[in-house]
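User: I'd like to go through this model and check the labels people put on it. Can we take them one at a time?

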Amino acid sequence: MRLLFAADNPPLAVIVAAKISNITVLPDPSLPSGSNPCFIFSSSGLKLQGTNVLLRYLGRVSLLPNFYGQNALESVKIDEWLDHSCTLSIGSEFENGCKHVDSYLSLRTFLVGHKLSVADIAIWSGLAGSGQRWESIRKLAKKYLNLIRWFDTVAEEYKVLLDGVLPSYVGKRGVGKPVVVPAKEENVKAKNAVTNEKGKTVSWATHDIDLPDAKVGEVCLRFAPEPSGYLHLGHSKAALLNYYFAKKYDGLLYIRFDDTNPSKESNEFVDNILNDIKTLGIEWDDIKYTSDYFPDLLGMAERLILEGKAYIDDTPQELMQKERMDGIESKSRNNTVTKNMYLWKEMIQGSDRGQQCCLRGKLDMQAQNKSLRDPVYYRCNLVPHHRVGEEYKIYPTYDFACPFVDASEGITHALRSSEYHDRNAQYYRILEDMGLRWVQVYEFSRLNMVYTLLSKRQLLWFVVEGKVDGWDDPRFPTVQGLVRRGLKIEALIQFILEQGASKNVNLMEWDKLWTINKKMIDPFCARHTAVVEKRRVMLTLINVSEKPFFRVLPRHKKCVDAGTKITTYANQIWLDNGDASLVTVDEEITLMDWGNAIIKDIIKDEYGIVTHLTGVLHPEGSVKTTKLKLTWLAEMDKLVKLSLVELDHLITKKKLEENELFIDVLNPCTKKEIPAIGDSNIRDLKLGEIIQLERKGYFRCDVPFVTPSMPVVLIAIPDGRRNKSKPYCGEVLDLSN
């Protein structure tokens with residue numbers, strides 16, 4: 001008999017009760033966080049679920065005398081104590097729970113009758129498992145004397161409780177959360193790296209992660225995006241985790257498109273998702289579609305109707321939602337099989353009557369977990385499907401199709417983000433009703449970023465409303481948008497893989513991602529020069545020849561592979577207005593890649609704005625003595641028009657509250673284009689090439705040189721710094737994240 005439970009919450013009472021009853025259970029800490037523990041009986045495949053349910057079972061089968069009471073009255077009292085034991089896991093109720101038990105034990109040795117029972121085990125384990133909270137009370141010695149006396153008596157008389165069990169399942173000295181010592185597994189050599197589209201390898205963090213019950217050569221995984229948008233950051237994490245585990249265990253990875261809603265899906269999205277997966281460097285074994293299983297899914301739905309496990313409901317949608325929230329059974333729940341089959345055929349035909357109906361699973365309308373309250377399995381939809389056309393008028397929901405297809409394809413572990421945690425119980429229940437093989441759900445935390453929307457429905461709104469250029473807009477968190485913003489795929493992979501498969505839900509800052517990116521682009525990207533067009537200032541060097549001269553300089557002083565550029569020198573050079581406004585008469589400045597100069601005259605307009613400078617070149621001057629090191633451009637015909645594009649977040653709030661609408665926090669200004677001029681070498685930039693404009697930051701070429709009249713478009717790349725008012729050559733730009 002296997003005991004499955006979540007590793008971060010072992011059912012101590014069940015483990016203890018089984019041990020002192022000499023009942024063999026095989027602990028398996030493989031369930032996702034928050035799951036109820038369960039027994040799986042290998043002989044029959046039956047399952048029992050819930051701590052108290054398992055304790056009642058052990059109480060009945062144990063050979064210990066009166067372990068579940070010697071009569072019906074004592075059994076009922078034990079049930080009451082099992083319910084009470086739950087209060088010990090609620091922080092605010094812990095003290096009240098202790099007080100109640102202490103008062104009850106004032107004249108008693110055991111909780112029920114005159115022998116140890118399941119009730120004692122449940123309460124005792126609740127205290128022992130609380131760790132430091134209970135230890136602090138015991139140290140006081142003046143509080144809850146009856147409870148302490150009872151606790152110590154049970155521990156002493158049944159010493160087996162402490163031998164092996166507590167050290168394995170409770171933190172040392174009662175400090176911290178329970179710690180599970182997992183069963184021994186085969187030593188698996190991890191393949192700790194993924195390869196991007198250019199063949200470069202990016203390693204995982206040094207802390208290795210494992211899949212529960214995974215065996216080398218037997219793991220089968222799927223990445224199952226819905227083709228209703230482009231791949232974004234959240235999808236990337238899921239895709240990379242699946243790929244990592246497939247490589248680690250020498251298993252299979254399928255790309256499966258969850259194409260069950262023709263109203264939102266298209267071949268455009270399929271093609272772009274596949275391109276994005278390739279961009280991430282992910283290799284797959286096969287491409288599949290949920291629509292491949294439409295005939296089988298219809299057959300399974302019909303079988304569940306005939307078995308009384310599903311029914312047709314024509315309740316209006318709003319009323320149905322309210323009834324689900326309130327735990328009220330639908331009037332259709334007790335339809336006869338004949339009526340259900342009649343309405344089912346109406347749905348299949350897409351008739352007016354059928355369109356008023358949906359197919360619901362008959363699960364548990366009183367369940368605390370609302371996902372179990374008779375979820376919808378099928379709906380009518382007359383929109384043609386992007387793959388199968390008008391062949392079907394009804395389509396399965398994701399909740400119905402996913403477990404069926406997972407089991408049918410031989411998936412061993414279904415990775416899903418923790419936002420779907422409440423649906424795990426539904427997933428397992430649907431598998432059980434279908435009579436299909438077990439699939440292990442493995443949870444990881446959703447990747448949440450500040451000031452970022454990751455809902456495809458919300459992103460679609462920006463596309464439809466024309467607020468962005470498309471799904472590849474550099475303000476979007478899509479893979480294509482981030483690449484267009486200047487993010488290297490290696491940086492994205494490293495950032496995501498460093499998060500690992502943690503189940504902790506965190507709101508991540510963009511700074512770390514862009515800092516990783518900067519470290520990857522800085523050693524290789526070429527250096528160029530630009531001057532902001534607005535109020536640029538001419539500096540005339542009176543001791544320099546009017547005839548221009550040229551030098552060949554490296555595009556990157558520390559990277560030979562970056563190539564060379566031709567730099568023009570002349571007696572008239574352009575400076576940024578912001579730089580020109582800082583100089584004073586007779587001040588010595590450094591002109592980068594040339595030498596020092598001394599300012600002799602400054603001309604300003606009526607508003608005090610510098611319009612012209614005069615100076616002399618002073619090559620003997622020392623760079624170490626000057627305060628200002630300025631970039632410049634020689635006046636010439638071949639200077640290139642530039643449009644420097646700075647981008648900001650689409651919303652102004654770090655995180656939306658539960659009922660807050662994103663449309664209420666839209667950023668009114670998310671894009672700023674600044675005209676500038678650049679050195680003539682910028683004519684040779686290729687689409688997608690990343691450069692650094694000296695003293696201005698990193699940029700990606702979004703539109704390369706075409707004609708002198710059309711500007712080269714350069715998109716500013718964040719560098720991980722948070723300076724919100726960085727002087728940007730006379731303009732105050734926001735180049736932060």
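**Labels and the values behind them**

Analyst: Sure. Of the chain's 737 residues, 54% count as buried. Keep in mind that this is a predicted model. It has 20 helices and 35 strands. The accessible surface comes to about 34,400 Å², and carbon and sulfur atoms hold 51% of that.

User: Let's start with single residues. Why is T397 called buried?

Analyst: The relative accessible area of T397 is 12%. Buried means under 20%, so T397 gets the label because 12% falls under that cut-off. As for its place, T397 is found in the loop between β13 (394-396) and α14 (398-409).

User: What is T397 in contact with, leaving aside neighbours within four places in sequence?

Analyst: V376, Y377, Y378 and R379. To count as a contact, heavy atoms have to be within 4.5 Å. There is also a C-alpha separation to look at: T397 and D259 are 138 residues apart along the chain, and their C-alpha atoms are separated by 9.8 Å.

User: And G481, why does that one count as buried?

Analyst: The relative accessibility of G481 is 0%. The cut-off is under 20%, so G481 counts as buried. G481 sits in helix α17, residues 479-485.

User: Which residues does G481 touch, not counting those up to four places away in sequence?

Analyst: W471, D472, D473, P474 and F476. For a C-alpha pair, take G481 and H232: they are 249 residues apart along the chain, with 8.6 Å between their C-alpha atoms.

User: What share of contacts in the chain join residues at least 24 apart?

Analyst: 70%, counted among contacts between residues at least 6 apart in sequence.

User: Now the sheet of seven strands. What makes β27 and β28 its edge strands?

Analyst: The order is β27-β24-β25-β26-β20-β23-β28, in an open sheet with mixed pairing. β27 (629-630) and β28 (633-634) each pair on one side only, and those are the edge strands.

User: How do you know that β24 and β27 pair?

Analyst: Strand β24, residues 588-591, and β27 share two bridges, in the parallel sense. Pairing takes at least two bridges, so these strands meet the cut-off. L591 stands opposite L630 in β27. In general, strands of a sheet pair through backbone hydrogen bonds, either parallel or antiparallel.

User: On to the cavities. How many are there of 30 Å³ or more?

Analyst: Seven. The largest has a volume of about 230 Å³. Its lining has 17 residues, and the closest to the centre are T529, T567, W632, L633 and D679.

User: Which elements give two or more residues to that lining of the largest cavity?

Analyst: β22 (564-569) and β28. The largest share, four residues, comes from β22.

User: What makes up the lining of the largest cavity by class?

Analyst: Seven nonpolar residues, six polar and four charged.

User: And what do you get for the second largest cavity?

Analyst: About 190 Å³ of space. Here 19 residues form the lining, with T452, R475, R485, W510 and H649 closest to the centre. By class, the lining has 13 nonpolar, three polar and three charged residues.

Notes. Residues numbered from 1 in each chain as written. Predicted model: local features only at pLDDT ≥ 70, side-chain atom pairs only at ≥ 80, totals over all residues. Heavy atoms only, no water. Buried < 20%, exposed > 50% of the residue type's maximum accessible area, 1.4 Å probe, protein only. 1 Å grid on protein atoms, 1.4 Å probe; cavity = no way out; pocket = protein on both sides within 12 Å on 5 of 7 lines; lining within 4 Å. Points joined across faces, edges and corners; volume = space filled by probe spheres on them. Nonpolar A, V, L, I, M, F, W, Y, C, P; charged D, E, K, R; others polar. Areas by Shrake-Rupley, 256 points an atom, 1.4 Å probe, with all protein chains shown as cover.
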